[in-house]
Amino acid sequence: MSEYKEVFKRTEIKYLLTEDQFQSLFLYLNKIAKVDSYGKTRINNIYFDTPGFRLIRTSLEKPLYKEKLRLRTYGNTEDDTNSFIEIKKKYDGIVYKRRISQSYKNAYNYLVKNGRLSEESQIAKEIDSLREMYPGLQPAMTICYDRIAMAGIEDPDFRVTFDTNIQWSTDALDLRKSPGGKPLLKPGEYMMEIKVANAMPIELCQVLSELKIFPTSFSKYGRGYLDMIRSECVC
């Protein structure tokens, strides 16, 4: 049995923070949460889409239901690096994430070269079904960033993440090639996500209001796609 969590159901609320807002909020959060044992981590993703970018175009229309398929690794990526194939779905504001773990080489060959997974599972069948539903899924964009993750001291389902140095690229669609890319944030800006299974702590809501930190709509893949479209128009 895998030790990592395969299924998530939660509400995810996103915010954009300045450096000052981050520093002030981080001081408060240390009273109720702690940084995970990995510290700051580089997260690498390949988002898969149809040749016409059907998945992200649908997502940007803000439908009641939407879904994404991505391949994720942490830190430097080599053939034997542990990776996650993830389906991320959102229905009526609730996020559902289902994932399986494979070596990067196995996962990449399965998604890109029609290889085989190392084991069968219900989630693997769901990934197969998604690929059948959207013929032609292929690597569409890499999104990479640095993340600090915190988990609640009393409530481990309460999580906060801070992402910086977010970069997108359509040039190196293989995480073994150390993809960089174009920035999505301004210098000194943080993208924060608060992830809760139930309600957000009342005191945290008060602190966010005092610091003038308000929810925003922010999709990394969505913003990367729009940036790509703008770049193509300029060219």
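Leu111 sits in helix H3, which spans residues 104-113. This is a predicted model, so bear that in mind throughout. Is Leu111 buried or exposed? With a relative accessible area of 4%, Leu111 is buried, because anything under 20% counts as such. Leaving out residues up to four places away in sequence, Leu111 touches Phe48, Leu69, Leu71, Ile85 and Arg131. Gly181, on the other hand, is 70 residues along the chain from Leu111, and the two C-alpha atoms are separated by 22 Å.

Just past that helix comes Asn114, in the loop between H3 and helix H4 (122-133). Asn114 has a positive phi, near 60 degrees, even though the residue is something other than glycine. Lys62 also has a positive phi without being a glycine, at about 55 degrees, and its place is in the loop between H2 and S3. A third loop residue to look at is Lys31, found between H1 and strand S2 (33-49). Here is how these loop residues score on accessibility:

| Residue | Relative accessible area | Class |
|---|---|---|
| Lys31 | 64% | exposed |
| Lys62 | 57% | exposed |
| Asn114 | 64% | exposed |

Lys31 has one more thing to show. Ile153 is 122 residues away from Lys31 in sequence, yet their C-alpha atoms are 8.5 Å apart in space.

Now for the rings. How many aromatic pairs does a search of the whole structure find? It turns up eight. One of them joins Phe22 and Phe162, with 4.9 Å from centre to centre and 80 degrees between the planes. That pair is edge-to-face, because its planes are over 60 degrees apart. The partners come from distant parts of the chain: Phe22 belongs to helix H1 (residues 19-29) and Phe162 to strand S7 (residues 159-169), 140 residues apart. Phe22 counts as buried at 6% relative accessibility, and Phe162 is buried too, at 1%. Phe22 and Phe162 also share an aromatic cluster with Phe26 and Tyr190.

Some rings have a charge for company instead. The charged end of Arg176 sits over the ring of Tyr108, 5.0 Å from the ring's centre. Over the face of Tyr145 lies Lys220, at 4.6 Å from the ring centre.

That leaves the second largest pocket, with a volume of about 680 Å³. Which of its 35 lining residues are closest to the centre? They are Lys14, Lys66, Lys68, Phe218 and Ser219. What classes make up the lining? Sorted that way, there are 19 charged, 10 nonpolar and six polar residues. Plenty of elements chip in: at least two lining residues each come from strands S1 (7-17), S3 (65-74), S4 (82-91), S5 (94-103), S6 (138-152) and S9 (190-196), and from helices H2 (54-60) and H6 (220-234).

Helix H2 is also home to Ser59. Ser59 counts as buried, at 5% relative accessibility. Setting aside its neighbours within four places in sequence, Ser59 is in contact with Lys66 and Lys68. Those two lysines are among the residues closest to the centre of the second largest pocket.

Technical notes: Residues numbered from 1 in each chain as written. Predicted model: local features only at pLDDT ≥ 70, side-chain atom pairs only at ≥ 80, totals over all residues. Heavy atoms only, no water. Phe/Tyr/Trp six-rings, centres within 6.5 Å; stacked < 30°, edge-to-face > 60°. Helix = DSSP H or I, 4+ residues; strand = E, 2+ residues; numbered from the N terminus. Buried < 20%, exposed > 50% of the residue type's maximum accessible area, 1.4 Å probe, protein only. Lys NZ or Arg CZ within 6 Å of the ring centre and 35° of its normal. Contact = heavy atoms within 4.5 Å. 1 Å grid on protein atoms, 1.4 Å probe; cavity = no way out; pocket = protein on both sides within 12 Å on 5 of 7 lines; lining within 4 Å. Points joined across faces, edges and corners; volume = space filled by probe spheres on them. Nonpolar A, V, L, I, M, F, W, Y, C, P; charged D, E, K, R; others polar.
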